[in-house]
Amino acid sequence: MQRWNGWGDEAVTVQLPSQALEILYDTLGQGHRRENYPLQDFLKRIPQSRLPRHPLISIDPKLRLDHAHGQSLPDWIGLRWGTLNRFPDGVAQPTTVEDIRELLDWARRWDVIVIPYGGGTSVVGHLEVPMTDRPVLSLSLERYNRMIGIEPESRLATFEAGIRGPQIEQILNARGFTMGHYPQSFEYSSLGGWVCTRSSGQQSRHYGRIEDIFAGGIIHTPRGPLAMPPFPASAAGPDLRQLVLGSEGRIGILTSVIARISRLPQTNDIFGIFFPSWEQGQKALQHIAGEDLTISMARLSNPTETRTNLALAGHRNQIVWLKRYLGLRGVGGSNMCMCLLGFTGSRQMTSTAKRTAFSIIRREKGIIIGRSMGRAWKKNRFRSAYLRNTLWDQGYAVDTLETATTWNKVTSTLHAIETSIHEAMSHTGAKAHVFSHLSHIYPTGSSIYTTVLFRLAESPRATFDTWRRFKTAACRTIIKNGGTTSHQHGIGMDHREYIASEKGAVGAGVLENICSYLDADSRLNPGKLIP
Ligand SMILES: Cc1cc2nc3c(=O)[nH]c(=O)nc-3n(C[C@H](O)[C@H](O)[C@H](O)COP(=O)(O)OP(=O)(O)OC[C@H]3O[C@@H](n4cnc5c(N)ncnc54)[C@H](O)[C@@H]3O)c2cc1C
């Protein structure tokens, strides 16, 4: 069963190794453990629904609580401390497209706000219930989750948009195919959610981001359905799929998605590498990114993240041996940076890619330590998200920030983000454990992914204020340094004040007009994406 106030399956708990706890004690001090707000108290205070009755809509309090939030840090503060106080008035979980259409028509008749809900894994406030006199319906696609058809000869598969990662891969793998889209939230996030937030999977270098996978589909807007056929290519004016990608529930309900699929790869290897310094690691990745190689992922951790990852791996003795070995090969000390490099594709293509990539790595004095670290990473790729539960129980909050920028600005932007967070924290007297990695590399630049850990404060308000302070500082720094507001998490509530500075006045105006043309009554997820 899914945790109601945290991440993932209740049966799964991931322990923090003692070495990792030592780092936290040393950097942040002992965590402030807090009692969790009881579920029963929440259920007692869910207000009466303002919705007229409808056979497809439930007003069950637990269902309304479950659909009142995503997985952002403010969402967690609200859930764990009981301060979450806005709930949808009802939840619909339709199973047919006719029901979805009927619900949209009904919402128009009764002037009801509709929040499309995929898997509920948003980390930027996409699902926040607005403060409004109009009743709010959460329209969940969770039960609209089957495969509609597959065309192996065209490498296309059509799915109902509520289908989640594991189901997609189970269906496709059985037929010798894969979609290859693995965000860390894979277990719970949905195909429709991926498209509507412009998601990026861990192996996007090989399979593409969701915009490369999204070949077409149907979105039901308040103006009517918009069908996007899966042309292999088209010169018929602007591509309307781009309106749907990143639309964040503002223009309609995406009901079906036609996805590009790939044959299961012959090789899917991930190698562990250590570089003597960040500069050498970055130079190697930049060079690799510029080559046309079948790399599926590249992840370069900075020195603090490297130290933290090694502590999180547990296995104290193995890590001691690894460090000794690396020391003998001339890599060690506090500047060392860990890297994971994945090769996916045919045996022939990946062996060529390995030869070229390894020679670039060796030129930068990187040490390739084989596949074992990559195998461990693959095994745990979705489990590390469960550490959020463990950390909170130990009295620590964790949040992540991300951007992407061109190679000439990557290192300076990464440093500026980390510095801005430390400075913002020092104003509150709080401390932060901050570390970063490059997670998606492109010929022109890279994404930067920063993790921030800090102690829970005395109260929900103080914890929220601490978060707000460093989040604002980091976002402003990203914009000032020419990075994008978001590489993969989207805009939602938490980034909406920055969208105009990225798109410019004309761009923001175009977005506003698209939303108001397709949704003239501001019925769909109002307030998200554009203020
Ligand atoms: C632990 C964790 C790890 C994560 N890792 C990654 C990662 O590696 N890469 C990444 O890209 N993201 C990641 N995320 C963020 C999140 O998983 C993605 O944004 C994901 O795409 C959201 O999908 P969802 O189905 O959960 O959508 P939801 O959270 O339910 O909704 C997100 C937005 O999309 C809209 N929406 C959803 N479905 C539809 C639909 N069918 N029609 C219209 N609008 C719709 C909603 O209205 C909302 O605005 C992570 C989140 C967590 C909690």
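A residue counts as near the ligand if one of its heavy atoms lies within 4 Å of it. The model is predicted.

**The ligand shell**

Select the ligand and the 35 residues around it; those that come nearest are Pro 116, Gly 118, Thr 121, Ser 185 and Ser 190. Colour this shell by residue class: 21 of its residues are polar, 13 are nonpolar and one is charged.

**Polar contacts of the ligand**

Show Pro 116 next, where a polar backbone atom is 2.6 Å from an oxygen atom of the ligand. At Gly 193 a polar backbone atom is 3.4 Å from a ligand oxygen. For a side-chain contact, go to Ser 199: an N or O atom of its side chain is 3.0 Å from an oxygen atom of the ligand. Switch on the surface here: the ligand taken alone exposes 970 Å², of which the protein buries 98%.

**Elements around the ligand**

Now select strand E3 (113–117), helix H7 (191–197) and strand E10, the elements that give two or more residues to the shell. H7 gives the most, with five residues.

**From E10 to E8 and E9**

Keep E10 (residues 253–260) and add strand E8 (residues 214–221); the two pair in the antiparallel sense over six bridges. Within this pair, Phe 214 stands opposite Ala 259 of E10. Then add strand E9 (residues 224–228), which runs antiparallel to E8 and is joined to it by five bridges. Here Gly 217 is the residue opposite Met 228 of E9. Two residues lie between E8 and E9, which form a hairpin. Finish on E8 itself: seven of its eight residues are buried.

Technical notes: Residues numbered from 1 in each chain as written. Predicted model: local features only at pLDDT ≥ 70, side-chain atom pairs only at ≥ 80, totals over all residues. Heavy atoms only, no water. Buried < 20%, exposed > 50% of the residue type's maximum accessible area, 1.4 Å probe, protein only. Helix = DSSP H or I, 4+ residues; strand = E, 2+ residues; numbered from the N terminus. Pairing = 2+ DSSP bridges. Polar contact = N/O pair within 3.5 Å; in protein donor to acceptor, adjacent residues only side chain to side chain. Areas by Shrake-Rupley, 256 points an atom, 1.4 Å probe, with all protein chains shown as cover. Nonpolar A, V, L, I, M, F, W, Y, C, P; charged D, E, K, R; others polar.
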